[in-house]
Amino acid sequence: MAKRCKQMVVILMSIWFGMGFVQSPTVHAKTIQKNPIAPMEHYYWGGYRKEGVRKYQEWGNIERVSDNLVTPGWIYSQKKLERGVEVTGAIDEILTISLFSRVSSEKGYGVLINTPGTYYLGYKILYEVEEGYRVKDDVFGGTSRNYYKVRRPVYGQYEPVRVH
């Protein structure tokens with residue numbers, strides 16, 4: 001009986017130790033389906049950040065949307081303008097900057113001008129501006145920086161412009 005117990009213990013221990021070296025197909029399938037582990041730089045150093053950010057509003061240039069008119073009288077826009085976001089510099093991988101904004105003028109907008117003179121109708125756009133530096137820390141402790149400026153249109157406004 002003691003001999004038989006020793007044989008069972010040896011068999012059970014060899015099975016138990018052998019399981020650590022042999023993987024079953026289900027365990028192997030689970031390890032294949034796991035997402036690959038990203039290097040540490042993706043968690044800590046991998047992203048871009050913004051530094052020295054300055055935000056303000058500014059008006060764009062007045063753009064002509066009509067011909068000259070000798071007043072008094074009505075002046076109408078004859079041209080459609082459309083403006084979107086303007087970017088200077090690299091903003092790749094900065095997730096907090098939106099590039100989806102458009103402002104446009106329309107044909108047929110009219111303004112009554114009672115003051116005598118020669119006028120044309122202009123259209124100007126108010127922009128929200130963000131400027132600063134895009135900074136990336138690299139794995140070795142260095143940084144790379146580049147300047148960026150983003151002008152996002154908010155709204156447009158018609159304005160009669162006196163020629164002389």
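Arg 152 is found in strand S8, in a predicted model of a protein chain with 164 residues. The secondary structure of this chain comes to three helices and eight strands, and the elements run α-α-α-β-β-β-β-β-β-β-β from the N terminus on. This briefing begins with Arg 152, and then turns to other charged side chains, aromatic rings and the chain as a whole.

**Arg 152 and its surroundings**

- Arg 152 has a relative accessible area of 17% and is therefore buried, the limit for that class being under 20%.
- Not counting residues up to four places away in sequence, Arg 152 touches Val 85, Ile 97, Ser 98, Ser 101, Leu 126, Tyr 127 and Glu 128.
- One of these residues, Glu 128, is also the salt-bridge partner of Arg 152, with an N to O distance of 3.9 Å between the side chains.
- Arg 152 belongs to strand S8 (residues 143-162) and Glu 128 to strand S7, so their salt bridge ties together parts that are 24 residues apart in sequence.
- Glu 128 is partly exposed, at a relative accessible area of 34%, whereas Arg 152 counts as buried.
- The C-alpha atoms of Arg 152 and Ile 125 are separated by 9.8 Å, and the two residues are 27 residues apart along the chain.

**Arg 151, also in strand S8**

- Arg 151 lies in strand S8 and counts as buried, at 18% relative accessibility.
- The side chain of Arg 151 makes a polar contact with the side chain of Glu 58, at 3.2 Å.
- Leaving aside neighbours within four places in sequence, the residues in contact with Arg 151 are Glu 58, Gly 60, Gly 84, Val 85, Glu 86, Tyr 127, Glu 128 and Val 129.
- Glu 128 is thus in contact with Arg 151 and is touched by Arg 152.

**Salt bridges of Glu 130 and elsewhere**

- A search of the whole structure finds eleven salt bridges.
- Glu 130 and Lys 50 form one of them, with 3.1 Å from N to O.
- Glu 130 lies in strand S7 (residues 110-137) and Lys 50 in strand S1 (residues 48-59), so this pair ties together parts that are 80 residues apart in sequence.
- Glu 130 also forms a salt bridge with Lys 55, where the closest N and O atoms are 4.0 Å apart.
- This second pair again links distant parts of the chain, with Glu 130 in strand S7 and Lys 55 in strand S1, 75 residues apart.
- The three residues fall into separate accessibility classes: Glu 130 is buried at 6%, Lys 50 is partly exposed at 27%, and Lys 55 is exposed at 62%.
- A network of salt bridges links Arg 49, Glu 51 and Arg 145.

**Aromatic rings and charges over them**

- The structure holds five aromatic pairs.
- In one of these, the ring centres of Trp 59 and Tyr 155 are 5.8 Å apart and the planes stand at 85 degrees, so the pair is edge-to-face.
- Trp 59 is in strand S1 and Tyr 155 in strand S8, so the pair links distant parts of the chain, 96 residues apart.
- Both rings belong to partly exposed residues, Trp 59 at 36% relative accessibility and Tyr 155 at 39%.
- Tyr 109, Tyr 123 and Tyr 158 are linked into a cluster by ring pairs.
- Lys 124 lies over the face of Trp 59, at 4.6 Å from the ring centre.
- Arg 64 lies over the face of Tyr 120, at 3.8 Å from the ring centre.

**The chain as a whole**

- Of the 164 residues of the protein chain, 26% count as buried.
- Among contacts in the protein chain with a separation of 6 or more, 77% come from residues 24 or more positions apart.
- The protein chain has an accessible surface of about 12000 Å², and 58% of this belongs to carbon and sulfur atoms.

Definitions and conventions: Residues numbered from 1 in each chain as written. Predicted model: local features only at pLDDT ≥ 70, side-chain atom pairs only at ≥ 80, totals over all residues. Heavy atoms only, no water. Helix = DSSP H or I, 4+ residues; strand = E, 2+ residues; numbered from the N terminus. Buried < 20%, exposed > 50% of the residue type's maximum accessible area, 1.4 Å probe, protein only. Polar contact = N/O pair within 3.5 Å; in protein donor to acceptor, adjacent residues only side chain to side chain. Contact = heavy atoms within 4.5 Å. Phe/Tyr/Trp six-rings, centres within 6.5 Å; stacked < 30°, edge-to-face > 60°. Lys NZ or Arg CZ within 6 Å of the ring centre and 35° of its normal. Areas by Shrake-Rupley, 256 points an atom, 1.4 Å probe, with all protein chains shown as cover.
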